[in-house]
Amino acid sequence: MNTITTLIRIEIWFFLIGMMIVVGYQILTGRISIRGLLSEKNGTGSYSTVRIQLLTFTLISAFYYIFQILGNPGEFPKVSNELLLMLGGSNAVYLGGKSYSLLLRR
C-alpha cells in the first residue's frame with residue numbers, strides 16, 4: 001500500500017511540474033497572451049486596481065495553503081475561515097466592481 005501511495009504522489013508531482021513547464025513555456029513564447037491581464041478594459045490602458053487586488057489575494061491564499069501543505073505533508077490542511085473570508089471578500093469586491101461597471105454601460 002505504501003508503494004502505491006508513493007507512486008501516486010510522484011505521478012502527481014510530475015504532472016504538476018509538467019503543467020507548470022508547459023504553461024510557462026507557452027507564456028514565454030507568446031502562445032498564451034498575458035497582455036492586458038491587469039489593465040482596464042475601457043481602452044485607457046491604465047492598471048485596474050480590482051484586478052491587481054484579486055490577483056494579490058489569490059496568490060497570497062495559494063502560497064499560504066501550499067506552505068501549510070509543506071509544513072505537514074501527511075494530510076491536507078483545513079482551510080481557515082479567515083482565508084476563506086479574505087479570498088471570498090476579494091472576489092466579491094472584484095465581481096461587485098464588474099457588476100457596477102456593467103450597470104453604468106446601460
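## Reading helices, a loop and two pockets

Me: Let's start with helix H3. Which of the H3 residues are buried?

Reply: Happy to begin there. Keep in mind that this is a predicted model. A residue counts as buried when its relative accessible area is under 20%. In H3, the buried residues are Leu 83, Ser 90 and Tyr 94.

Me: And what do the buried residues of H3 pack against?

Reply: They pack against helix H2, which covers residues 49–71. You can read the pairing from the other side too: the buried residues of H2 are Arg 51, Gln 53, Leu 54 and Ser 61, and these pack against H3.

Me: How can I check the length of a helix, and what span should H3 have?

Reply: The expected span is 1.5 Å times one less than the number of residues. H3 runs over residues 81–105, so its 25 residues should span 36 Å, and its end C-alpha atoms are indeed 36 Å apart.

Me: What does the same check give for H2?

Reply: Agreement again: the 23 residues of H2 should span 33 Å, and the C-alpha atoms at its ends are 33 Å apart.

Me: And how far does H1 reach?

Reply: H1 has 28 residues and reaches 41 Å from its first C-alpha to its last, close to the expected 40 Å. Just after H1 comes Gly 30, with a positive phi of about 95 degrees.

Me: Now a single residue. Is Ile 60 buried, partly exposed or exposed?

Reply: The class between 20% and 50% relative accessible area is called partly exposed. Ile 60 has 43%, so this residue is partly exposed. You will find Ile 60 in helix H2.

Me: How far is Ile 60 from Met 86, in sequence and in space?

Reply: Sequence separation and spatial distance are two readings to take side by side. Ile 60 and Met 86 are 26 residues apart in sequence, with 9.8 Å between their C-alpha atoms.

Me: Let's try a loop. Is Ser 39 buried or exposed?

Reply: Ser 39 sits in the loop between H1 and H2. Its relative accessible area is 14%, so Ser 39 is buried.

Me: Which residues is Ser 39 in contact with?

Reply: Here contact means heavy atoms within 4.5 Å. Setting aside neighbours within four places in sequence, Ser 39 is in contact with Gly 45, Ser 46, Tyr 47, Ser 48 and Arg 51. Arg 51 also appears among the buried residues of H2. In addition, the Ser 39 side chain reaches the backbone oxygen of Gly 36 at 3.2 Å.

Me: On to pockets. What is the volume of the largest pocket, and which residues lie nearest its centre?

Reply: For a pocket, look at its volume and then its lining. The volume of the largest pocket is about 720 Å³. Fifteen residues line this pocket, with Ile 12, Trp 13, Leu 16, Ile 69 and Phe 76 nearest the centre. Helices H1 (2–29) and H2 are the elements that each give two or more residues to the lining, and H1 has the largest share, eight residues. By type, the lining has 11 nonpolar, two polar and two charged residues.

Me: How does the lining of the second largest pocket divide by type?

Reply: That lining has three nonpolar, six polar and five charged residues. The second largest pocket holds about 280 Å³ of space. Its lining has 14 residues, and those nearest the centre are Glu 40, Lys 41, Gly 97, Lys 98 and Ser 101. H2 and H3 each supply at least two lining residues, with the largest share, six residues, coming from H3.

Conventions:
Residues are numbered from 1 along each chain as its sequence is written. This is a predicted model: local features need pLDDT of at least 70, side-chain atom pairs count only at pLDDT 80 or more; totals for chains, interfaces and linings use all residues. Side-chain values use heavy atoms; hydrogens and water are left out. Helices (H or I, at least four residues) and strands (E, at least two) are DSSP runs, numbered from the N terminus. Buried means under 20% relative accessible area, exposed over 50%, partly exposed in between (1.4 Å probe, protein chains only). On a 1 Å grid over the protein atoms alone, a cavity is a set of points where a 1.4 Å probe fits but cannot get out, and a pocket is an open set with protein on both sides within 12 Å along at least five of seven lines; lining residues have an atom within 4 Å of a point. Grid points are joined across faces, edges and corners, and a volume is the space filled by probe spheres set on the points. Ala, Val, Leu, Ile, Met, Phe, Trp, Tyr, Cys and Pro count as nonpolar, Asp, Glu, Lys and Arg as charged, and the others, Gly among them, as polar. A polar contact is a pair of N or O atoms within 3.5 Å; within protein, one must be able to donate a hydrogen and the other to accept it, and residues adjacent in sequence count only if both atoms are side-chain atoms.
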